[in-house]
Amino acid sequence: MLANAVGMLKKAKDGRYAVAQININNLEWTKAVLQTVEELKSPVILGVSAGAAKYMTGFATVTAMVKAMDAALNISVPVAIHLDHGKYGEALECIEAGFTSIMFDGSHFSIEENVEKTKELVQIAHKNGLSIEAEVGSIGGEEDGVIGMGEIADPEQCKLIASLGIDFLAAGIGNIHGVYPPNWKGLDFDALEKIHNATGGIPLVLHGGTGIPEDMIKKAISLGVSKINVNTECQLTFAAATRKYIEAGKDRESKGFDPRKLLTPGFEAIKQTVKEKILLFGSDNKA
């Protein structure tokens, strides 16, 4: 059941749990996520980066695939198709392509330009029934060529962006995309609490959900985080399961080279990872 993310995140905020954004990369990813959330009766946000969309031949292709699969699998839980770390033009493309939610990442602009572009996109998104996420303080690591150093967001800037009418806010609190280095200092909960207090209870978003310890995840949720993004962990478990299958020589047995067989271990690994995240975030049986 396709929807924007407003209702699911408001419910998560009130219920003190978080909805997972699972980034999708192809048909297997999408099918694995949809089957898992239906099984667990959990809402979900399907994250789509510009790079992943390009790989899948465009935003319109992604929308068509998700809509068709949602119908074919009789999905009853709320599912949002969400642009992840989008530029201004990409956000407009996604609105045209039928996405139900967008993220505009203006964190690399001056706060003035971030405000200007975010304000414009809020009006356009809401006019078309989409939810919109904005960002203050760039997230560490690399996301499709967008590199952030893991800044700590300024609470006053967060308050300003939140006042523009966005539906949820990504604020840097020391989190990074990808695999966390051994010397990572952890999440800055003092900063998160200040941001939470400054933004008037707007649902907050934690990017870089791969590898953050469970106790930090739970504390972040208690301090207003209602959406947690996961991508790298699914990629790692998919790769590990596929490697194990090939190294065991299974691709040489009984037409094991058939993609439908070759990709099955990775597909099942994605399902297991998504299940673990949903149970950790507490969104099971919340649809």
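# A selection tour of the predicted model

Start by selecting Gly 7, which lies in helix α1, residues 6-15. The model is a predicted one. Gly 7 is partly exposed, at a relative accessible area of 47%. Add Asp 167 to the selection and draw a C-alpha to C-alpha distance: the two residues are 160 apart in sequence and 9.9 Å apart in space.

Stay on helix α1 and pick Asp 14, which is found there too. Its relative accessibility is 56%, so Asp 14 counts as exposed. Now add Ile 246. Asp 14 and Ile 246 are 232 residues apart along the chain, and 46 Å separates their C-alpha atoms.

**Aromatic pairs**

How many aromatic pairs does the structure hold? There are three. For the tour, select Trp 29 and Phe 238, a tilted pair with 4.8 Å from centre to centre and 45° between the planes. Trp 29 belongs to helix α2 (residues 27-40) and Phe 238 to helix α10 (residues 232-247), so this pair ties together parts that are 209 residues apart in sequence. Colour by accessibility next. Trp 29 is buried, with a relative accessible area of 5%, and Phe 238 also counts as buried, at 15% relative accessibility.

Move to Phe 59 and Phe 99. Their ring centres are 5.6 Å apart and their planes stand at 90°, so the pair is edge-to-face. This pair links distant parts of the chain, 40 residues apart: Phe 59 is in helix α4 (residues 59-72), while Phe 99 is in the loop between α5 (88-97) and β4 (101-104). Are Phe 59 and Phe 99 buried or exposed? Both are buried.

**Lysines over rings**

Show the side chains of Lys 117 and Phe 109. Lys 117 lies over the face of Phe 109, at 5.0 Å from the ring centre. Then show Tyr 17 with Lys 286: the charged end of Lys 286 sits over the ring of Tyr 17, 5.0 Å from the centre of that ring.

**Helices α10 and α12**

Return to α10, the helix that holds Phe 238, and display helix α12 (residues 264-281) with it. Two packed helices are described by the angle between their axes and the distance between the axes. Here the axes of α10 and α12 come within 8 Å and cross at roughly 145°. The crossing in which α10 passes α12 is right-handed.

To see the contact itself, select these residues:

- On α10: Glu 233, Cys 234, Thr 237, Phe 238, Ala 241, Thr 242 and Tyr 245.
- On α12: Pro 265, Gly 266, Phe 267, Ala 269, Ile 270, Thr 273, Val 274 and Lys 277.

Colour this selection by residue class; the contact of α10 with α12 has nine nonpolar, four polar and two charged residues. Phe 238 takes part in this contact as well as in the tilted pair with Trp 29.

**Two backbone stops**

The next selections concern phi. Most residues other than glycine have a negative phi. Select Thr 57, which has a positive phi of about 80° although it is not a glycine. Thr 57 is found in the loop between α3 (50-55) and α4. At 63% relative accessibility, Thr 57 counts as exposed.

Go on to Asn 74, in the loop between α4 and β3 (79-84). Asn 74 is not a glycine either, yet its phi is positive, at about 55°. Asn 74 is exposed, with a relative accessible area of 60%.

**Last stop**

Finish at Glu 214, found in helix α9 (residues 214-222). Is Glu 214 buried or exposed? With 51% relative accessibility, Glu 214 counts as exposed; the cut-off matters for this residue, because exposed means over 50%. Add Glu 133 and draw a last C-alpha to C-alpha distance: Glu 214 and Glu 133 are 81 residues apart in sequence and 24 Å apart in space.

Key
Residues are numbered from 1 along each chain as its sequence is written. This is a predicted model: local features need pLDDT of at least 70, side-chain atom pairs count only at pLDDT 80 or more; totals for chains, interfaces and linings use all residues. Side-chain values use heavy atoms; hydrogens and water are left out. Rings of Phe, Tyr and Trp (its six-membered ring) pair if their centres lie within 6.5 Å; planes under 30 degrees apart count as stacked, over 60 as edge-to-face and the rest as tilted. Helices (H or I, at least four residues) and strands (E, at least two) are DSSP runs, numbered from the N terminus. Buried means under 20% relative accessible area, exposed over 50%, partly exposed in between (1.4 Å probe, protein chains only). A charge sits over a ring if NZ of Lys or CZ of Arg is within 6 Å of the ring centre and within 35 degrees of the ring normal. Axes are lines fitted to C-alpha atoms, for helices over the stretch in contact, and angles run from 0 to 180 degrees between N-to-C directions. A crossing is left-handed if the near helix is turned anticlockwise from the far one by less than a right angle, and right-handed if clockwise. Contact means heavy atoms within 4.5 Å. Ala, Val, Leu, Ile, Met, Phe, Trp, Tyr, Cys and Pro count as nonpolar, Asp, Glu, Lys and Arg as charged, and the others, Gly among them, as polar.
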